[in-house]
Amino acid sequence: MPHARPTRMARRTAQGVPVAVFQRGPGVPPVAVSHLPDEPLTAEVLPGRQTHTHDFLVLYYAHRATGTFLIDDRIWSVTDGDLFVIAPGQVLSFPAGPANVVADGWVVFFPADALRTGAYASWRAHPLLFPFARGADRAQRLRIPPAARAAWVARLVEFDAELRARRDGYREAALAHLTLLLVAVARMSTDVAGELRSADEPLLAAVFDVIEQRFSEPISLADVAGALALTPGHLTTVVRRKTGRTVQQWLSERRMQEARRLLTETDLTVAAVGRRVGYPDASYFIRRFRADHEATPAQWRQAAD
């Protein structure tokens, strides 16, 4: 059974780069696996250099490959056994097209909250997500030893089969597959803990700290800016330039993340869930949730049961 691709090109960054956005569905594990070249790398066909970015985390395994592509304008060679760890917001370009680089490979993509790590800043400190936080100026290409490559392919094939079969318990099984995969990646990475401090992007770290601490309150852009002693205009410009999203969009993302958790893990009423995530007006909360998920909170809860 094919599994629907949960991404779409929904917007562009301030520089005009198309952004692939992860679309969550009720009852569906927030993770996807694609085999290359059988399935396209991007949700939509892109012209020219296939330039795009994304709001989710990506593992890009080149089992058999030769060629080059770009991450944030830095050229990377690709050979058999390369594993690329790509963070949200990094810009990818394939001048020759992905199919001309990877003859046999796999892509695993998932939002940072798949492991329930909190807001954007929090995944940087998660032990299994350390490799994703290294940034464009640090090594983010890992090498799978030749003797281990068959096992990596088998692991990815089994992961993909689990998502396609959708047997009882597949949501839990899919997240278990993801966790084991990330454990393997983390074990391959060395000396990363000291490199993953928020000093790389102190302003962004501060923004997401404020969001994490206060998303349950009815705060505004002005409140976030005031907490950082910045003007709302300056804060908006910096965050949008660096992430392709506004502060309000990141705040909404964190609130929706918590709302989904509360809807699936508690018996709180929809109105109570809305209040818990900073929307004291239940009707407004329902409208916002439906706009993001194409389902009401009640429908989401029912489908997740």
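Helices here are DSSP runs of H or I with at least four residues, strands are runs of E with at least two, and both are numbered from the N terminus. Counted that way, the protein has nine helices and 10 strands. Keep in mind while you click around that this is a predicted model.

**Stop 1: the whole chain**

Start with everything shown. Of the 305 residues in the protein, 52% are buried. Turn on contacts if your viewer allows it: among those with a separation of 6 or more, 70% are between residues 24 or more positions apart.

**Stop 2: a three-stranded sheet**

Select residues 7–12, which are strand 1, and 53–54, which are strand 4. They belong to an open sheet of three strands with the order 1-2-4 and mixed pairing. Strands 1 and 4 are the edges: each has a single partner strand, so one side of each has no neighbour in the sheet. Now add residues 18–22, strand 2. Strand 2 runs antiparallel to strand 1, and five bridges join the two. For a spot to zoom in on, pick Arg 11, which sits opposite Val 19 in strand 2.

**Stop 3: an edge-to-face ring pair**

Stay with strand 2 and show the side chains of Phe 22 and Phe 56. Their rings form an edge-to-face pair, with 6.0 Å centre to centre and 70° between the planes. Phe 22 is in strand 2, while Phe 56 is in the loop between strand 4 and strand 5, and the two are 34 residues apart, so the pair links distant parts of the chain. Buried or exposed? For Phe 22, the relative accessible area is 4%, which makes it buried. Phe 56 is buried as well, at 5%.

**Stop 4: a tilted pair and its cluster**

Next, select Tyr 60 and Phe 84. The ring centres are 6.1 Å apart and the planes are at 40°, so this pair counts as tilted. Tyr 60 belongs to strand 5 and Phe 84 to strand 7, so the pair ties together parts 24 residues apart in sequence. Tyr 60 has a relative accessible area of 2% and is buried; Phe 84 is buried too, at 0%. Add Phe 69, Trp 76 and Phe 94 to the selection: ring pairs link them with Tyr 60 and Phe 84 into a cluster. Across the whole structure, a search finds 14 aromatic pairs.

**Stop 5: Tyr 61**

Move one residue along to Tyr 61, in strand 5, which covers residues 57–71. What does its side chain make a polar contact with? The partner is the side chain of His 63, at 2.9 Å. Tyr 61 counts as buried, since its relative accessibility is 1%. Beyond its neighbours within four places in sequence, Tyr 61 contacts a list of residues including Gly 81, Leu 83, Trp 106, Ile 144, Arg 149 and Trp 152. If you like C-alpha distances, try Tyr 61 to Asp 104: they are 43 residues apart along the chain, with 8.8 Å between their C-alpha atoms.

**Stop 6: the nonpolar cores**

Select Leu 59, Val 108, Phe 110, Phe 159, Leu 178 and Leu 182. These have the most contacts inside the largest nonpolar core, which has 29 residues. Two or more residues each come from strand 5, strand 7 (82–86), strand 9 (102–110), helix 1 (146–165) and helix 2. Helix 2 gives the largest share, six residues. Centre the view on Leu 178: leaving out residues up to four places away in sequence, it touches Val 31, Val 108, Phe 110, Ala 114, Leu 115 and Phe 159. Apart from this core lies another, of 22 residues, with Met 9, Ala 65, Val 102 and Val 107 among them.

**Stop 7: helix 9 and its cover**

Jump to residues 297–304, helix 9, where Pro 297, Trp 300, Arg 301 and Ala 304 are buried. Look down the helix axis: the buried residues fall within an arc of 95°, so they line one face of helix 9. Which helices help cover them? Helix 2 (170–188), helix 6 (247–265), helix 7 (270–276) and helix 8 (282–293) are included in that cover.

**Stop 8: His 293**

Finish with His 293, in helix 8. It counts as buried, because its relative accessibility is 9%. A polar atom of the His 293 side chain lies 2.9 Å from the backbone oxygen of Phe 289. Not counting residues up to four places away in sequence, His 293 touches Met 256, Arg 260 and Trp 300.

How values were computed:
Residues are numbered from 1 along each chain as its sequence is written. This is a predicted model: local features need pLDDT of at least 70, side-chain atom pairs count only at pLDDT 80 or more; totals for chains, interfaces and linings use all residues. Side-chain values use heavy atoms; hydrogens and water are left out. Two strands pair if DSSP finds at least two bridges between them. Buried means under 20% relative accessible area, exposed over 50%, partly exposed in between (1.4 Å probe, protein chains only). Contact means heavy atoms within 4.5 Å. A polar contact is a pair of N or O atoms within 3.5 Å; within protein, one must be able to donate a hydrogen and the other to accept it, and residues adjacent in sequence count only if both atoms are side-chain atoms. The arc is that of the directions from the helix axis to the C-beta atoms. A nonpolar core is a set of buried Ala, Val, Leu, Ile, Met, Phe, Trp, Tyr and Cys residues joined through side-chain atoms within 4.5 Å. Rings of Phe, Tyr and Trp (its six-membered ring) pair if their centres lie within 6.5 Å; planes under 30 degrees apart count as stacked, over 60 as edge-to-face and the rest as tilted.
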